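Here is a short briefing for you to read alongside the sequence and the 3D view. Have both open, and follow the residue numbers as you go.

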Amino acid sequence: MTSEPRLKRTIDRLGLATGLGETIGPETIRIYFLQFVALAIGMVGNIFVARWLGPSQKGLIDLFHVLTSFIQDIGALGFGAGVLFALTYLKAPLPSVHGAAIAFSVLNGAVTATLGFALIVPWQGVFPGMPTWALYLCFALSPLIYYKLLWSSLLISLNQAAAMYRIAATLAFANLIAILLLFVTHRLSVESVILLTAVTIAVNAFVSLGWLLRRELRLEFNLSILKRSFGQGLIFYAGIVANLLHFKIDQILINHWYGSHEVEIGRAHV
């Protein structure tokens with residue numbers, strides 16, 4: 001039987017002695033509730049858009065989301081896992097890790113946008129039917145897409161996941177209100193919904209940045225932290241890409257063979 005001192009050391013090592021062990025029940029319930037609210041509100045908006053615009057146009061909107069997922073998970077090179085590693089295992093200070101996250105988002109985002117613009121013709125082949133301007137817009141959002149991903153990893157490391165889902169639920173509600181306003185003013189279209197999605201991504205990133213700067217205003221650039229986070233993230237990269245392809249590749253193939261109309265039909269039957 002484990003002795004009491006050894007058990008205490010184990011609890012301390014796991015971080016449960018800080019109060020996490022006493023609050024994990026209510027905190028978990030809060031996270032699941034906020035996640036459910038965000039998903040439910042988003043589902044209402046998606047159903048409304050699909051009913052009003054029809055499967056073909058809603059399929060194009062879904063493809064825009066698929067491309068943002070590709071940029072986020074493939075382009076981030078596993079750096080989100082590296083951020084978790086830096087804060088939880090290396091015990092690196094938050095200003096250094098946050099600074100590395102911002103630097104990575106800006107630099108890698110610029111590279112991603114440049115490559116996306118330069119290879120826009122092949123991307124048109126991957127996403128036939130999607131407006132070219134929407135492809136450009138999606139790649140232009142790359143720095144913000146990366147930062148939102150890394151911010152999520154930072155909050156999980158800081159045991160602040162509830163705040164992440166609280167912001168997500170608030171933005172989902174604001175997005176639903178915007179969709180209803182577009183409908184009332186007869187401006188609900190593929191173009192307006194894609195632009196609304198882009199605005200939501202941008203607002204999410206800047207609100208996230210503001211939330212974290214309120215907690216810790218200082219920022220530091222530590223090349224060593226950036227390198228170690230990047231190296232650790234690459235270990236998980238293959239699994240991240242495999243997971244993305246498992247859940248998203250069907251939409252790309254359906255769009256390529258049958259068109260955007262069947263993309264939405266396929267999603268409705270999943």
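The notes below cover charged pairs first and then one serine.

This is a predicted model, and three salt bridges turn up in it. One of them joins aspartate 62 to lysine 58, while arginine 218 takes part in a network of salt bridges with Glu216 and Glu220. Serine 142, in helix α8, rounds off the tour.

**The pair in helix α3**

- Aspartate 62 and lysine 58 form a salt bridge through their side chains, with an N to O distance of 2.7 Å.
- Both residues belong to helix α3, which covers residues 55-75. They sit four residues apart there, or about one turn of the helix.
- Is aspartate 62 buried or exposed? Aspartate 62 counts as buried because its relative accessible area is 4%, under the 20% cut-off.
- Lysine 58 has a relative accessible area of 2%, so this partner is buried too.

**The network around arginine 218**

- Which residues are linked with Arg218 in a network of salt bridges? They are Glu216 and Glu220.
- On one side, the side chain of arginine 218 meets that of glutamate 216 at 3.3 Å, N to O.
- On the other, arginine 218 bridges to glutamate 220, where the closest N and O atoms are 3.2 Å apart.
- Arginine 218 is partly exposed, as its relative accessible area is 48%; being partly exposed means lying between the 20% and 50% limits.
- Glutamate 220 is also partly exposed, with a relative accessibility of 34%.

**Serine 142 and its surroundings**

- Serine 142 lies in helix α8, a helix made up of residues 142-157.
- With a relative accessible area of 0%, serine 142 is buried.
- What does serine 142 touch, leaving aside residues up to four places away in sequence? The contacts are Ile71, Gly109, Thr112 and Ala113.
- The side chain of serine 142 also comes to 2.7 Å from the backbone oxygen of phenylalanine 139.
- If you like to compare sequence with space, look at threonine 68: serine 142 is 74 residues from it along the chain, yet their C-alpha atoms are 8.1 Å apart.

Note on methods:
Residues are numbered from 1 along each chain as its sequence is written. This is a predicted model: local features need pLDDT of at least 70, side-chain atom pairs count only at pLDDT 80 or more; totals for chains, interfaces and linings use all residues. Side-chain values use heavy atoms; hydrogens and water are left out. A salt bridge is a side-chain nitrogen of Lys or Arg within 4 Å of a carboxyl oxygen of Asp or Glu. Helices (H or I, at least four residues) and strands (E, at least two) are DSSP runs, numbered from the N terminus. Buried means under 20% relative accessible area, exposed over 50%, partly exposed in between (1.4 Å probe, protein chains only). Contact means heavy atoms within 4.5 Å. A polar contact is a pair of N or O atoms within 3.5 Å; within protein, one must be able to donate a hydrogen and the other to accept it, and residues adjacent in sequence count only if both atoms are side-chain atoms.
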